[in-house]
Amino acid sequence: SGPRPTSRYSIPDLVKLYLSDCAEEVKAKTYKNYYNILKVWAHDFSRFPPSELRAHDLTTWLKDHPKWNPSSRHQAGQIVKGWSAWCDNEGYLDGDRLRKARLPTPLTRDAADPADLLRMEKAILSTVFLDFFQVLYDTGARPGEIMSLEGSRVHWPESVATVHGKTGNRVIGLSVRSVKILRLAQERYPAGPLLRTDRGLPWTSTSIFRAWTKWEHVAHTSRHIIPYHLRHALYVRWHDAGISDVVIAAQLGHQSKGVPHIKLLQSTYGHAEGRHLEDAAQVASGHAKRRASKSSVS
């Protein structure tokens, strides 16, 4: 029958419709995030007419939740914006009223010391967890994307794989080492997830956490590191190699409406490290000396 006039719907009504529509389209963890944020949004705007929503309403709402850090507020804003865009696309609102809302800049993640990552890799004595660690390191994928990867989603001739990410499927590049690991895994497990525990069970968030904690402790890393540090490490390696940020954003799954999101990539991973600053200082110093030399000659 199609959408009814906007006046018949409250914001909580529209939130329920949106959650119902996307329940089967996104991963369970992502849906839970949507649900938790939009539940607060619906409660706070339960009596607010949807047709009167303006961009500043979202900006103000985020400021009214000071216990959320900037990254949490940014994510919450993105979720509410997604809901607003859906209401517009489905005809429940006469426009995407929150599209221009300004969101807080998310916090950047501090990079792990590369020596710590190497130290941990060398400390891992479990062959199956080392496989998992190395594929994560080489691809920069999210743990959930790798632990659910099946052989049917690996395109061997092109050395790429299709993983199911936060916003749907995407293609990632595979290193020579990762291809070798995954080929051997497929010989052992022709169907279902390729990478598994030593008991032959698919990895879960809990089993990954336990294994990671164990081997991090054995490695005696200088600071606490987490799987997402491997994503940051990939950004640094690929950026240093001169690979386009568009390509890096695609590999890491930073996308907006299916297009690589460079701004989000840079705000998350793009802060300068000490060695980058040292290199920049040396380059600038050399440039200044050359200019001074040319000036004295003239």
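**Briefing: a backbone outlier, helix packing and aromatic contacts**

Histidine 220 counts as exposed, its relative accessibility being 62%. The structure described here is a predicted model. Its chain holds 13 helices and five strands, and buried residues account for 42% of its 298 residues. Of the contacts in the chain between residues at least 6 apart in sequence, 60% join residues at least 24 apart.

**Residues with positive phi**

- Histidine 220 is not a glycine, yet its phi is positive, at about 55°.
- Histidine 220 is located in the loop between H9 and H10.
- Serine 159, which is not a glycine either, has a positive phi of about 55°.
- The loop that holds serine 159 runs between strand S1 (154–155) and strand S2 (160–165).
- Serine 159 has a relative accessibility of 26%; it therefore counts as partly exposed, a class that lies between under 20% for buried and over 50% for exposed.

**Packing of H5 with H9**

- Helix H5 (residues 114–123) and helix H9 (residues 205–219) cross at roughly 105°, and their axes come within 8 Å.
- Angles of 65 to 115 degrees count as roughly perpendicular, and H5 and H9 are therefore roughly perpendicular to each other.
- On the H5 side the contact is made by Arg119, Met120 and Ala123, and on the H9 side by Trp212, Trp215, Glu216, Val218 and Ala219.
- By class, the contact of H5 with H9 comprises six nonpolar, no polar and two charged residues.

**Two residues of H9**

- Isoleucine 208 belongs to helix H9, as does phenylalanine 209.
- Isoleucine 208 has a relative accessible area of 6%, which means that it is buried, the limit being under 20%.
- Phenylalanine 209 has a relative accessible area of 57% and is therefore exposed, a class that begins over 50%.
- Leaving aside residues up to four places away in sequence, isoleucine 208 touches Phe129, Phe132, Pro143, Met147 and Trp203.
- Between isoleucine 208 and methionine 147, which are 61 residues apart along the chain, the C-alpha separation is 9.1 Å.
- Phenylalanine 209 and isoleucine 226 are 17 residues apart in sequence, with 9.1 Å between their C-alpha atoms.

**Packing of H6 with H10**

- Helix H6 (residues 127–139) packs against helix H10 (residues 229–240) at an angle of about 40°, and the axes are 7 Å apart.
- This angle makes H6 oblique to H10.
- H6 contributes Phe133, Leu136, Tyr137, Asp138 and Thr139 to the contact, while H10 contributes Leu230, Ala233, Leu234 and Arg237.
- The contact of H6 with H10 contains six nonpolar residues, one polar residue and two charged residues.
- Two of the contact residues, Tyr137 of H6 and Arg237 of H10, also form a charge-over-ring arrangement: the charged end of arginine 237 sits over the ring of tyrosine 137, at 4.0 Å from its centre.

**Packing of H1 with H4**

- H1 and helix H4 (residues 70–89) have axes 10 Å apart and pack at an angle of about 90°.
- H1 and H4 are therefore roughly perpendicular to each other.
- In H1 the residues that meet H4 are Ile11, Leu14, Val15, Leu17, Tyr18 and Asp21; their partners in H4 are Gly82, Trp83, Trp86 and Cys87.
- The contact of H1 with H4 divides by class into eight nonpolar, one polar and one charged residues.

**Aromatic pairs, a cluster and a further charge over a ring**

- The whole structure contains 14 aromatic pairs.
- In one of these, the ring centres of tyrosine 18 and tyrosine 34 are 6.3 Å apart and the ring planes lie at 25°, so the pair is stacked; planes under 30 degrees apart count as such.
- This pair links distant parts of the chain, since tyrosine 18 is in helix H1 (residues 11–22) and tyrosine 34, 16 residues apart from it, is in helix H2 (residues 28–44).
- Tyrosine 18 and tyrosine 34 are both buried.
- Tyrosine 18 also takes part in the contact of H1 with H4.
- One aromatic cluster is formed by Trp41, Phe45, Phe48, Trp61, Trp68 and Trp83; of these, Trp83 is also among the H4 residues that meet H1.
- Arginine 196 lies over the face of tyrosine 189, 4.1 Å from the centre of the ring.

Definitions and conventions
Residues are numbered from 1 along each chain as its sequence is written. This is a predicted model: local features need pLDDT of at least 70, side-chain atom pairs count only at pLDDT 80 or more; totals for chains, interfaces and linings use all residues. Side-chain values use heavy atoms; hydrogens and water are left out. Axes are lines fitted to C-alpha atoms, for helices over the stretch in contact, and angles run from 0 to 180 degrees between N-to-C directions. Helices (H or I, at least four residues) and strands (E, at least two) are DSSP runs, numbered from the N terminus. Angles under 35 degrees count as roughly parallel, over 145 as roughly antiparallel, 65 to 115 as roughly perpendicular and the rest as oblique. Contact means heavy atoms within 4.5 Å. Ala, Val, Leu, Ile, Met, Phe, Trp, Tyr, Cys and Pro count as nonpolar, Asp, Glu, Lys and Arg as charged, and the others, Gly among them, as polar. Rings of Phe, Tyr and Trp (its six-membered ring) pair if their centres lie within 6.5 Å; planes under 30 degrees apart count as stacked, over 60 as edge-to-face and the rest as tilted. Buried means under 20% relative accessible area, exposed over 50%, partly exposed in between (1.4 Å probe, protein chains only). A charge sits over a ring if NZ of Lys or CZ of Arg is within 6 Å of the ring centre and within 35 degrees of the ring normal.
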